[in-house]
Amino acid sequence: MDAATTDIAQSFSEYGFAVVPNLFLRQEAKALKKEVQRILVEVRQEFGGSNTAREMLDATGVYVGVAGRSEIFRHAARDKRLVDILEAIIGPNVEFLSDKVVYKDTETHTPSPWHQDWPYWEGTHKVSIWFALDDATPENGCLKLMPGSHIGSLVHDGDSSDGIGFGHRVRPETVDESAAVTAPLEAGGAVFFHDLTMHASHPNTQRRERWTWIPTYRDAQADDPPYSFAVANYVVRGVGR
């Protein structure tokens, strides 16, 4: 393990997240964005006359299961640059569990509310990577995180009736925004974060495109319940159960 990877793992352990600029090249990020946009064209066509499904996709800006549709994303999910860091965080046995794309643009621009990911899947703790496919800034909706919040689970009983998804969310009045860390990134940069790390995104006030790929990983030896969303999971390093 090199010194840079060790520093990333130490930051993750202390704060619950680690920011890694320029993990991939800008052109690699742009190629991933082009591929996911192709996938979403297919998805919308498959919805056919189901206006509700299309409206939900466009209202939330979230689509789960990108790697299940694309060898390009399955290849990216096992890229050595990602997996070397994941091994330092998780250990020698690393499994890709699932992924999603989250996008903001001129029509889909609302902020993601404060939440932890663990209530959505429970089981063993997992690590996700917020991977910037565009330059992400506070003005177009980059990530913000709460350092040290990964030490325990929080009550998620915030109002989720606004139609933007996130059924588990923390009440905004309980959050000390002054303690949050904003994480702007150039395309190709990434944030590795624990599933108990409280995070949210800024609103896209510029109404400018901000596409993000978020793959999630776990210890390949983990004893977890089956997950319906894990449609393309596989061991990317070491051995599984």
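Reader: Let's start with the open sheet of three strands: in what order do its strands lie?
Author: Happy to begin there, keeping in mind that this is a predicted model. The pairing in this open sheet is antiparallel. Its three strands come in the order β6-β5-β8.

Reader: Which strands stand at the edges of that sheet?
Author: An edge strand has a single partner, so one of its sides is left without a neighbour in the sheet. That description fits two strands here, residues 181-183 and residues 199-201. Neighbouring strands of the sheet are turned by 30° against each other on average, direction ignored. The edge strands are β6 and β8.

Reader: In β8, which residue is the bridge partner of L145?
Author: Strand β5 covers residues 143-145 and runs antiparallel to β8, with three bridges joining the two. For L145, the bridge partner in β8 is H199.

Reader: Moving on to helix α2, how far apart are its end C-alpha atoms?
Author: Helix α2 takes in residues 26-47, which makes 22 residues. At 1.5 Å a residue, the helix should span 32 Å. The model agrees with that, because the end C-alpha atoms are apart by 32 Å.

Reader: Within what arc do the buried residues of α2 fall?
Author: The buried residues of α2 include A29, L32, V36, I39 and V43. Seen down the helix axis, the buried residues line one face, so they fall within a limited arc. On the other side of α2, Q27, K34 and Q45 are exposed. The arc that holds the buried residues is 170°.

Reader: Which residue forms a salt bridge with E42?
Author: Side chains of opposite charge can pair when their charged atoms come close. E42 has a partner four residues away in helix α2, about one turn of the helix. With 28% relative accessibility, E42 counts as partly exposed. The closest N and O atoms of the pair are 2.7 Å apart, and the partner is R38.

Reader: How many residues apart in sequence are R237 and D84?
Author: The side chains of these two residues meet in a salt bridge, at 2.8 Å from N to O. R237 lies in strand β10 and D84 in helix α5, so the pair ties together parts whose separation in sequence is 153 residues.

Reader: And which residue of strand β10 forms a salt bridge with E87?
Author: E87 lies in helix α5, and the pair links distant parts of the chain, 150 residues apart. At 31% relative accessibility, E87 counts as partly exposed. The closest N and O atoms are 2.7 Å apart, and the partner of E87 is R237.

Conventions: Residues are numbered from 1 along each chain as its sequence is written. This is a predicted model: local features need pLDDT of at least 70, side-chain atom pairs count only at pLDDT 80 or more; totals for chains, interfaces and linings use all residues. Side-chain values use heavy atoms; hydrogens and water are left out. The expected span of a helix is 1.5 Å times one less than its number of residues. Buried means under 20% relative accessible area, exposed over 50%, partly exposed in between (1.4 Å probe, protein chains only). The arc is that of the directions from the helix axis to the C-beta atoms. Two strands pair if DSSP finds at least two bridges between them. Axes are lines fitted to C-alpha atoms, for helices over the stretch in contact, and angles run from 0 to 180 degrees between N-to-C directions. A salt bridge is a side-chain nitrogen of Lys or Arg within 4 Å of a carboxyl oxygen of Asp or Glu.
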